[in-house]
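Let's take a walk through this model together, looking at its open and closed spaces and at how some of its helices pack.

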Amino acid sequence: MSLKNVRLEVMKHLEKDVESLIEKYLIPIDTIWQPTDFLPDSTKESFFEDVREIRELSKELDYDFWVVLVGDMITEEALPSYESWLMDVEGVDQVEPNGWSKWVRHWTGEENRHGDVLNKYLYLSGRVNMKEIEKTTQYLIADGHDIGTDRDPYKNFVYTSFQELATYISHNRVAKIAKNKGNKRLAKMCKIISGDEMRHHHAYSEFVERIFAVDPSQMMMAFHDMMKRKIAMPAHFLRESGDKIGTAFEEFSNTAQRIGVYTSTDYVDILQKLIERWDIGNITGLNEEAEKAREYLMKLPPRMYRLSERIKIPENSFQFKWVDPA
């Protein structure tokens with residue numbers, strides 16, 4: 001049986017449990033928070049006063065912070081690309097909807113709120129150039145992305161397990177910075193977004209655990225392949241108006257590292273956490289090729305930690321069109 005057919009069989013085998021996993025990891029629409037819970041209510045007399053408060057508190061946050069918040073928001077707003085990618089994964093059927101397509105749609109519904117609330121907050125803050133942000137967002141969606149997973153569900157679930165934890169770290173750190181500057185509304189908003197990301201990380205990590213239980217060698221190979229090529233961030237094609245694909249991502253990444261929101265060390269920490277979460281050192285039933293893949297994975301974090309220590313981040317801030325330096 002071909003690898004593709006094996007993966008389809010595994011996805012069908014796991015599909016019987018998807019409904020219970022939706023109940024375990026996703027929150028009913030009528031229960032979960034909505035963007036309006038964190039934004040001024042435009043139907044109330046206090047609306048303009050609340051907006052003034054947002055604008056005043058925004059002055060306490062520096063340029064690099066706003067660059068990172070904008071980049072995080074744009075990454076969240078590129079959700080159409082992520083949904084269309086996941087809907088095309090082997091085993092996900094959107095023509096005759098199955099459990100996996102239901103998962104993707106419900107997950108998308110939860111994730112959609114993140115970009116929505118951050119977008120509105122940025123608009124109200126008065127600190128950013130929304131038109132340039134909107135152009136960048138449209139470019140990112142129009143340019144699409146290639147995360148190196150093809151249609152392989154095993155690789156896609158490794159990617160999402162990693163990426164959801166990365167976004168948890170980023171939003172959680174932004175929340176801490178905002179809190180330290182006295183911006184409780186923004187801090188709470190980013191903190192609750194990070195909570196969503198952590199739930200989603202646990203969900204995708206459990207998908208991988210379940211695959212390891214029935215197809216350990218191929219799941220190990222998929223994990224190995226993704227880490228060998230390195231996890232591409234979903235906004236790696238980020239660009240501003242008038243620039244080429246990907247030109248803004250490196251500077252955005254440098255900014256996030258400079259203020260400690262997401263660093264190269266965090267990348268290696270996530271890899272180590274996944275190795276521990278999936279108990280890679282104790283997986284049994286591996287073939288010879290998968291044993292070599294495991295050996296590579298177990299040795300990878302120490303090597304990457306050494307490399308991360310050598311990385312030097314530019315001290316000067318890059319001037320983005322998104323944010324006025326003043």
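A good place to begin is the second largest pocket, which has a volume of about 240 Å³. Its lining has 15 residues, and Ile27, Pro28, Ile29, His106 and Glu110 are the closest to its centre. What you are looking at is a predicted model, in which local features need pLDDT of at least 70 and side-chain atom pairs count only at pLDDT 80 or more, while totals for chains, interfaces and linings use all residues. Residues are numbered from 1 along each chain as its sequence is written, and side-chain values use heavy atoms, with hydrogens and water left out.

A word on terms will help here. On a 1 Å grid over the protein atoms alone, a pocket is an open set of points with protein on both sides within 12 Å along at least five of seven lines, whereas a cavity is a set where a 1.4 Å probe fits but cannot get out; lining residues have an atom within 4 Å of a point. Grid points are joined across faces, edges and corners, and a volume is the space filled by probe spheres set on the points.

Back at the second largest pocket, helix 2 (18-25) and helix 6 each supply at least two lining residues. Helices here are DSSP runs (H or I, at least four residues), numbered from the N terminus. Helix 6 gives the most to this lining, with 6 residues. The lining divides into 6 nonpolar, 3 polar and 6 charged residues; Ala, Val, Leu, Ile, Met, Phe, Trp, Tyr, Cys and Pro count as nonpolar, Asp, Glu, Lys and Arg as charged, and the others, Gly among them, as polar.

Now turn to the largest pocket, with a volume of about 740 Å³. Of its 33 lining residues, Met233, Phe249, Ser253, Tyr262 and Tyr267 are the closest to the centre. Two or more residues of this lining come from each of helix 4, helix 8, helix 11 (249-258), helix 12 (264-277) and helix 13 (288-310). Helix 11 gives the most, with 7 residues. By class, the lining of the largest pocket has 17 nonpolar, 11 polar and 5 charged residues.

What about closed spaces? The model has 2 cavities of 30 Å³ or more. The largest cavity holds about 250 Å³ of space. It is lined by 17 residues, and Tyr82, Trp107, Tyr159, Gln163 and Pro234 lie nearest its centre. Helix 4 (63-77), helix 5 (79-87), helix 6 (99-125) and helix 8 (153-180) are the elements that give two or more residues to this lining, and helix 8 gives the most, with 6 residues. The classes here are 7 nonpolar, 6 polar and 4 charged.

The second largest cavity holds about 40 Å³. Leu86, Val89, Val92, Trp103, Val104, Phe157 and Tyr204 line it, giving 7 nonpolar, no polar and no charged residues.

Let's finish with helix packing. Two packed helices are described by the angle between their axes and the distance between the axes. The axes of helix 4 and helix 6 come within 8 Å and cross at roughly 140 degrees; axes are lines fitted to C-alpha atoms, for helices over the stretch in contact, and angles run from 0 to 180 degrees between N-to-C directions. Helix 4 and helix 6 are therefore oblique to each other, since angles under 35 degrees count as roughly parallel, over 145 as roughly antiparallel, 65 to 115 as roughly perpendicular and the rest as oblique.

With helix 9 (residues 184-214), helix 6 has an axis approach within 11 Å and a crossing of roughly 160 degrees. Helix 6 and helix 9 are therefore roughly antiparallel to each other. Among the residues in contact (heavy atoms within 4.5 Å) are Trp103, Trp107 and Glu110 of helix 6, and Tyr204 of helix 9. Trp103 and Tyr204 also line the second largest cavity, Trp107 lies near the centre of the largest cavity as one of the five nearest named, and Glu110 is among the residues closest to the centre of the second largest pocket.
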